[in-house]
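Hi,

Here is the structure I said I would pass on. Have a look at it first, and my notes on what turned up follow underneath.

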Amino acid sequence: MVGGIGIPWGFLFLWVLYPQLRPINATPVYHLDNLLSIIEELEDQDPTLTILKVAEILRDLQTSDQDLRRLLLGETSVPVVLPRLLSHTNLSFLEEVLNHQAGPLTETGVVLTPDGTTVAVGNLVAGIEAGLKREVSQPLSGVSRDLSAPVDNLCALTLAKDLGLAFLSHHMNKSQELLGPDGCWDSVDSPHVFTGSGPWTPATSALINGGMDGFILGDLLSQFQAPLPKLSSVLRDYYGQVPSLLLPKASSRRKNFEATFDLGNFTSQVLSAVSLLDHLRNNLVLHQLNLNTFRKISEQGVKQFYHSYLECPAIIPRCMWAARPFRGEPVELALPLRYVYIHHTFEPSRPCTSFQECAADMRSMQRFHQDERQWNDIGYNFVAGSDGYLYEGRGWHWVGAHTKGQNFKGYGVSFIGNYTSELPDEAALQLVKENFMKCAVSGKKIVSDYAIQGHRQHRETTCPGEALFNEIRSWEAFEEVGVTRATVETQA
Ligand SMILES: *[C@@H]1O[C@H](CO)[C@@H](O)[C@H](O)[C@H]1NC(C)=O
Ligand SMILES: *[C@@H]1O[C@H](CO)[C@@H](O)[C@H](O)[C@H]1NC(C)=O
Ligand SMILES: *[C@@H]1O[C@H](CO)[C@@H](O)[C@H](O)[C@H]1NC(C)=O
Ligand SMILES: *[C@@H]1O[C@H](CO)[C@@H](O)[C@H](O)[C@H]1NC(C)=O
């Protein structure tokens, strides 16, 4: 609204009289930092608020699944009169971020974390409370239907219930995806709206991220001996960029969750969590579905979860690093491919260690490839940062511009940095060598006897750098040009 607009006086009157009717200047910024400031404010106002107390206060602000949480975590202790401690604006921000809702287009109850991923706050906080009260029990003992296994309250409230509901929902409607999707914020600097990259399922990526984080932190806190830190400092450490002595990093959530994961036990937890919910909701969840059928659905579902969220690396999608659009018409790859070509970026020469840095590197490479080289897009299919994430370049389906003459035959995967005399950090190497390769094989993107080569084997270049090239030569799938590996011959 620019200039010369008359003020409707009646409206001004209402504005003065009823502050709650004033439009909020801007929708709140759904960044984790905002949530943490409010939690800190709460903790400062009342120093008796322990981590458990704050987690309970936050639980009381959630509206759905209170019955399940009460059964598994008990009643919350002394109520705190929040409106006395927080402003109306901040209280409603808390209520919003704690209550998850996906659909129709946007997902709410989620925040953007500093590492560029998005988490559902409710599941995160539920994990922390459940960890502090961890219990593996038969909450329905005496009730007719047996649970598949005693319920681990931590597992049930972070992941098992939501995954089970997603498996059921997919069973009812096969044209719906099983899990996910991930999504994108309207702006990374001031995130207001989170939009899905496809139709929502009951287990969105943000719910799964928040659930894994809640599980990891709850599991650690359940074993803590020392005096417990405040909730705000636990979350600042876990999501922050500064290495922490006490806590792992959110960016390694997949690896850390996988370390505690057992396929059979996890499947039993899914069955038990959903059976419990079904009991609480008068059989309206399972709809009399045969338990054997539900078991089969869950076994398949958990395998898919394992593949997509533990085996596969977390990939930061193009929209999150603010990629420009592809120019022209992309050409589709004929999958599965046989090769993966390894590169280093050389420039940028410094490894990026944060989402901000890596995203900026991706944008500068895309600008260079599009504007100077006149390519349609950033050349690589995927790029590995040293921040724990892989970045989507041309992705799984489109022919790249990375290894002249070979672009149709394989994926180009590059490490950000100059690896002439040193190696990428161990986590980045593992991400490509283990996670990317396994993910590509089980997702049928590359053949199981795939081969790895360095850029320099196809071109007059030092890429991927002397040190990195020596490293990949020691990988089992490395292949000299013109020499087919022995393992391949014996399999053929
Ligand atoms: C909300 O909380 C933040 C962080 O503590 C604080 O700076 C801000 O003043 C609060 N907003 C309102 C309207 O009270
Ligand atoms: C099944 O899922 C698809 C994809 O999400 C959706 O378009 C369709 O409306 C769903 N069908 C029913 C009957 O719910
Ligand atoms: C699986 O569950 C059983 C029984 O609860 C337990 O003894 C075992 O340690 C669990 N295994 C793993 C790998 O978590
Ligand atoms: C890459 O690293 C090598 C060896 O450390 C160095 O000589 C070269 O100048 C570096 N190049 C760039 C662009 O940083």
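Before the ligands, one cut-off: a polar contact here is a pair of N or O atoms within 3.5 Å. Please also keep in mind that this is a predicted model.

Let me start with ligand 4. Its surroundings are made up of F346, E347, S349, N418, T420 and S421. By class, that shell comes to one nonpolar, four polar and one charged residues. Two side chains there make polar contacts with ligand oxygens. In the side chain of N418, an N or O atom sits 2.3 Å from an oxygen atom of ligand 4. For the side chain of S421, the corresponding distance to an oxygen atom of ligand 4 is 3.1 Å. As for cover, ligand 4 has 360 Å² of accessible area on its own, and the protein covers 48% of it.

Next, ligand 1. Which residues are around ligand 1? They are S37, I38, E41, S87, T89 and N90. Sorted by class, this shell divides into one nonpolar, four polar and one charged. Two helices, α2 (32-45) and α6 (88-98), each supply at least two residues of the shell, and α2 gives the most, with three residues. On the α2 side, the side chain of E41 has an N or O atom 2.5 Å from an oxygen atom of ligand 1, while a polar backbone atom of S37 is 3.3 Å from an oxygen atom of the ligand. The side chain of S87 also takes part, with an N or O atom 2.8 Å from an oxygen atom of ligand 1. Of the 360 Å² that ligand 1 exposes when taken alone, the protein buries 48%.

Then there is ligand 2, with N173, S175, Q176 and P199 around it. The make-up by class is one nonpolar, three polar and no charged residues. N173 is the residue to click on: an N or O atom in its side chain is 2.3 Å from an oxygen atom of ligand 2. Taken alone, ligand 2 exposes 360 Å², and the protein buries 33% of that.

Moving away from the ligands, what about strand β10, residues 337-344? Seven of its eight residues are buried, so β10 is largely enclosed by the rest of the structure. Two strands pair with β10 in the parallel sense. One is β14 (residues 446-454), over five bridges, where G454 is the bridge partner of I342. Another is β13 (residues 410-415), over six bridges, and there H344 has F415 as its bridge partner. If you follow β10 along its length, remember that in a regular strand the side chains alternate between the two faces of the sheet.

Now the aromatics. How many aromatic pairs does the structure hold? There are 21. Y238 and Y239 make one of them: the ring centres are 4.9 Å apart and the planes are at 80°, so the pair is edge-to-face. Y238 is buried, with a relative accessible area of 0%, and Y239 is buried too, at 2%. Another pair worth opening is F257 with F305, where the centres are 6.3 Å apart and the planes are at 75°, so this pair is edge-to-face as well. F257 lies in helix α11 (residues 253-258) and F305 in helix α13 (residues 291-311), so the contact ties together parts that are 48 residues apart in sequence. Both F257 and F305 are buried. They also belong to one aromatic cluster, formed by F215, F257, F261, F266, F305, Y306 and Y309.

One last spot is L429, in helix α15 (residues 426-442). Is L429 buried or exposed? Its relative accessibility is 3%, and buried means under 20%, so L429 counts as buried. Measuring C-alpha to C-alpha in the model, L429 and I472 are 9.5 Å apart in space and 43 residues apart in sequence.

That is what I have for now.

Cheers

Key:
Residues numbered from 1 in each chain as written. Chains lettered and ligands numbered in written order. Predicted model: local features only at pLDDT ≥ 70, side-chain atom pairs only at ≥ 80, totals over all residues. Heavy atoms only, no water. Near = heavy atom within 4 Å. Polar contact = N/O pair within 3.5 Å; in protein donor to acceptor, adjacent residues only side chain to side chain. Areas by Shrake-Rupley, 256 points an atom, 1.4 Å probe, with all protein chains shown as cover. Nonpolar A, V, L, I, M, F, W, Y, C, P; charged D, E, K, R; others polar. Buried < 20%, exposed > 50% of the residue type's maximum accessible area, 1.4 Å probe, protein only. Helix = DSSP H or I, 4+ residues; strand = E, 2+ residues; numbered from the N terminus. Pairing = 2+ DSSP bridges. Phe/Tyr/Trp six-rings, centres within 6.5 Å; stacked < 30°, edge-to-face > 60°.
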